[in-house]
Amino acid sequence: MRSKKPWLTLLSTALLSMTLLAGCGGAGINGAASNTGAQGESTTTPATANAPVKFNFYFTGSQNVKDLWDTLIPMFEKQNNQVDVNPVYIPSGTGAQPTYDRILAAKQAGKGSGDIDLYEDGIGVVSQGTKDGVWQQLDSNAIPNLAKVNPDTMKDVDNYAIPYRSSAVVLAYDSTKISNPPKTLDELLAWIKANPGQFAYNDPSTGGAGSSFVHTVIYKDLPEEDIHNSDPSVMAKWDPGFQTLKELGQYVYGDGIYPKKNQGTLDLLMNGEVSLIPAWSDMVLQQINEGLLPDTIKMQQITPGFNGGPTYLMVNGESDKKEAIYQFLDFVLSPEAQNVIVEKMNGFPGIELSNMPQETQDKFKGVAEGFRTFNIGDLGTEINKRWQSEVAAQ
């Protein structure tokens, strides 16, 4: 029996070595071992058939935003079976701020991503997250299709966010009544006075189209950098703009009637009660496509441009799923995915129009450029308060 022990020892050592080697194999997309199942059981699945890397994507908005991601995510996963995108939808109006707060709290507590790997929101959250150091800076080495995005747009956010779609407030007009619409803000103000009752804008506190018109008038003669300034000192410069808005009251629809919400002025245009309004480009296109607005309704941007800008995707800097997220973002910026965005959202592509089919380029000609992104923080609320007391109440 003594003579067998060395052989048993050698055999045990060999089996132990094989077990350890097997346990070290099978790195996933992020280099993490993936030889355990969903419940932690060991598996014998070969490395090439590992479970997909799963990341959490939080987004908010109306139903059309959910419908968009419900289309794009399966398209991506069909082409990339090693990535599993878990969408978490926060319906518009239910409060997206807690999501950002959760990202920041997790970072400050040293607890990683807080299970939020990718997030969608506007310029305000991009700026706040950049200041707080929560977003990952991005480049085209990791996301090749990022090279298709306008460099100036990326410069605006210092590459901390991806502008995957855009829309803007434009002039929407009845081309059967107006053959030569205003091209500048000065021309627009003169047109309103020359055509009393034919222009309408909605209460700025009820929708972005009316708010854009009000902001554009107030900042008309202010330095360009002020549209990116949230310092309360800017408020001292608003007097001329508010005086202009007060003077316009007698010339707008109904001698000073301001409809509620963006749709309110679109309804007036639809019914022929007015012939010119500020409106969101995607709303106009959608309602033309649905036959709610006639195709004689046309759009045009003015100079200086109305508010507009992208909706952004931000990568949580604490996420350990970045490689998988970058694959997804590269797909979102592909012409294939961008075409779905145009069709479903009637928004401008996030990539430059030159990368899109000619039909899409023609659709947005003269509309998808020239808009400006206003980032004035809480000053927007102060504008609404003053507008209510000085313009609406006169």
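Which side chain does a polar contact of 3.3 Å join to that of R372? The partner is E224. Welcome to this predicted model; the notes below start with R372 and then visit the nonpolar cores, helix 9 and K363.

**R372 and its surroundings**
- You will find R372 in the loop that runs between helix 13 (358-363) and helix 14 (379-392).
- Buried or exposed, how does R372 count? R372 counts as buried because its relative accessibility is 11%, and the cut-off for buried is under 20%.
- Besides its 3.3 Å polar contact with the side chain of E224, the side chain of R372 reaches the backbone oxygen of G305 at 2.9 Å.
- Setting aside residues up to four places away in sequence, R372 touches T216, E224, I227, P304, G305, F306, N307 and G308. Both E224 and G305 are thus on this list of residues touched.

**The nonpolar cores**
- As background, nonpolar side chains in soluble globular proteins tend to be buried together.
- Here, the largest nonpolar core has 58 residues, and the members that touch the most others are F55, F57, W69, L118 and F328.
- Helix 11 (residues 322-332) supplies the largest share of this core, with 7 residues.
- Another core, of 36 residues, lies apart from that one, and L188, F213, I302 and I383 are among its members.
- For a closer look at one core residue, try W69: leaving aside neighbours within four places in sequence, W69 is in contact with F57, F59, P74, E120, Y164, L313, F328 and V332.

**Helix 9**
- Helix 9 covers residues 261-270, and its buried residues are N262, G264, T265, L266, L268 and L269.
- What covers these buried residues? The cover includes three strands, namely strand 4 (162-174), strand 5 (276-280) and strand 6 (297-300), along with helix 7 (208-218) and helix 10 (281-289).
- Just after helix 9 comes G272, whose phi is positive, at about 80°.

**K363 in helix 13**
- K363 belongs to helix 13.
- K363 counts as partly exposed because its relative accessibility is 33%, which lies between the cut-offs of 20% and 50%.
- Leaving aside neighbours within four places in sequence, K363 is in contact with L285, N289, V342 and N346.
- One of these contacts, V342, is 21 residues from K363 in sequence, and the two are 10.0 Å apart in space, C-alpha to C-alpha.

Definitions and conventions: Residues are numbered from 1 along each chain as its sequence is written. This is a predicted model: local features need pLDDT of at least 70, side-chain atom pairs count only at pLDDT 80 or more; totals for chains, interfaces and linings use all residues. Side-chain values use heavy atoms; hydrogens and water are left out. Buried means under 20% relative accessible area, exposed over 50%, partly exposed in between (1.4 Å probe, protein chains only). Helices (H or I, at least four residues) and strands (E, at least two) are DSSP runs, numbered from the N terminus. Contact means heavy atoms within 4.5 Å. A nonpolar core is a set of buried Ala, Val, Leu, Ile, Met, Phe, Trp, Tyr and Cys residues joined through side-chain atoms within 4.5 Å. A polar contact is a pair of N or O atoms within 3.5 Å; within protein, one must be able to donate a hydrogen and the other to accept it, and residues adjacent in sequence count only if both atoms are side-chain atoms.
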